[in-house]
Amino acid sequence: MKDTPIRLIERVRENIRSVITGQERNIELLLCSMVCGGHVLMEDVPGVGKTTLATALAKSLGCSFGRIQFTPDVLPSDVTGFTLYDLHSGEKRLVTGAVMNQVVLADEINRTTPKTQSSLLEAMQEGQVTIDGETHPCPAPFFVLATQNPLELTGTYPLPEAQLDRFLMRLSMGYPSMEEELRILDAHRGKEPVKELEPVANAQEILDLQQAAQEIACAPAVAEYIVRIAAATRSSERVRLGVSPRGSIALMKAGMAWALMQGRNYVIPDDIQALAVPVLAHRIQLNRRAQDERDSEAGIVEKIISSLAVPQVS
């Protein structure tokens, strides 16, 4: 018997929770991105579980998995693939890169050069790669789960705005509480827990889940609320670069996925408010005044949300 979307999501959630301590909010946001087919950027200092969380989701889905450990010497062809010519037969053979998997872990993405970073753009936006003039579709479903360390750390390259805009959400892990860290130590006394994880879903189930999310209703009043939030970022006196229409689309789709996860077939303003910061904050650039006064992108989005009238949806 086919599981309902809620049961399928719960199955994946519990599988991740079995190896991840704490991070309840980030697990929910990661699942929301999975449901609407969006890519996720996880940012924080080394050692707080970014790669472990991404690996736990990948192993839970039973999809093909590719990992790219980004370093300054990684080339674009290592990401997308290349054409190999056989000198004896004269034939050419396609050698696919790590991006030709259903779940791609781009580990420490900001440790590689901008040229290599940009090799992911076509795959993330259009679900395809172009190798030596020929276009090849990426397998479905397709997710990029990227991790990065803060830019002030040595040997990192800032992600360009165009690359950031391709990520549906940006998450921050944070340090665990003392109780959570004690549980983490206890779980790691023997084997690495994530290595023992078994898949609890398959690719077709994920595609069906994404289709169900596309059928969630988003009322005109909620759509207008999203547009007003985006417009407010563009007119803010503290913002140099506001949210693009791609950001508005991302917030609407994330809201639809979030509503499905709550067991509703329609989006409400609360869904939009819950997702506005992880979906929009990384899409805006602060001006010099805001930077000098140590404002944050997340803080600006929160102020905008609190200043706008909330629509009534029946």
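Q: Angles under 35 degrees count as roughly parallel, over 145 as roughly antiparallel, 65 to 115 as roughly perpendicular and the rest as oblique. Which label goes to helix 10 and helix 12?
A: Keep in mind that this is a predicted model. The axes of helix 10 (residues 220–235) and helix 12 (residues 269–280) cross at roughly 30° and come within 11 Å. Angles under 35 degrees take the first label, so helix 10 and helix 12 are roughly parallel.

Q: Is the crossing of helix 10 past helix 12 left-handed or right-handed?
A: The angle of roughly 30° between the two axes leaves the hand open, so the direction of turn is needed too: anticlockwise is left-handed and clockwise is right-handed. For helix 10 passing helix 12, the crossing is right-handed.

Q: How many charged residues are in the contact of helix 10 with helix 12?
A: Helix 10 brings Val222, Tyr225, Ile226 and Ile229. From helix 12 come Pro269, Ile272, Gln273 and Leu280. By class, that makes seven nonpolar and one polar, and the number of charged residues is zero: there are no charged ones.

Q: Switching to the largest pocket, which element gives the most to its lining?
A: The volume of this pocket is about 740 Å³. Of its 30 lining residues, Cys36, Gly37, Gly38, Met124 and Lys253 are the closest to the centre. Two or more lining residues come from each of helix 6 (121–126), strand 9 (167–172), helix 9 (203–214) and helix 11 (245–261). With six residues, the top contributor is helix 11.

Q: How many nonpolar residues does the lining of the largest pocket have?
A: Sort the lining by class and you get six charged residues and seven polar ones. The nonpolar count is 17.

Q: What is omega for the cis peptide bond that joins Ala140 and Pro141?
A: Pro141 sits in the loop between strand 7 (134–137) and strand 8 (143–148). The bond joining Ala140 to Pro141 is cis, with omega at about -5°.

Q: Which residue, not a glycine, has a positive phi near 60°?
A: Look at the loop between helix 1 (5–17) and helix 2 (24–35). The residue there with phi near 60° is Gln23.

Definitions and conventions: Residues are numbered from 1 along each chain as its sequence is written. This is a predicted model: local features need pLDDT of at least 70, side-chain atom pairs count only at pLDDT 80 or more; totals for chains, interfaces and linings use all residues. Side-chain values use heavy atoms; hydrogens and water are left out. On a 1 Å grid over the protein atoms alone, a cavity is a set of points where a 1.4 Å probe fits but cannot get out, and a pocket is an open set with protein on both sides within 12 Å along at least five of seven lines; lining residues have an atom within 4 Å of a point. Grid points are joined across faces, edges and corners, and a volume is the space filled by probe spheres set on the points. Helices (H or I, at least four residues) and strands (E, at least two) are DSSP runs, numbered from the N terminus. Ala, Val, Leu, Ile, Met, Phe, Trp, Tyr, Cys and Pro count as nonpolar, Asp, Glu, Lys and Arg as charged, and the others, Gly among them, as polar. Axes are lines fitted to C-alpha atoms, for helices over the stretch in contact, and angles run from 0 to 180 degrees between N-to-C directions. Contact means heavy atoms within 4.5 Å.
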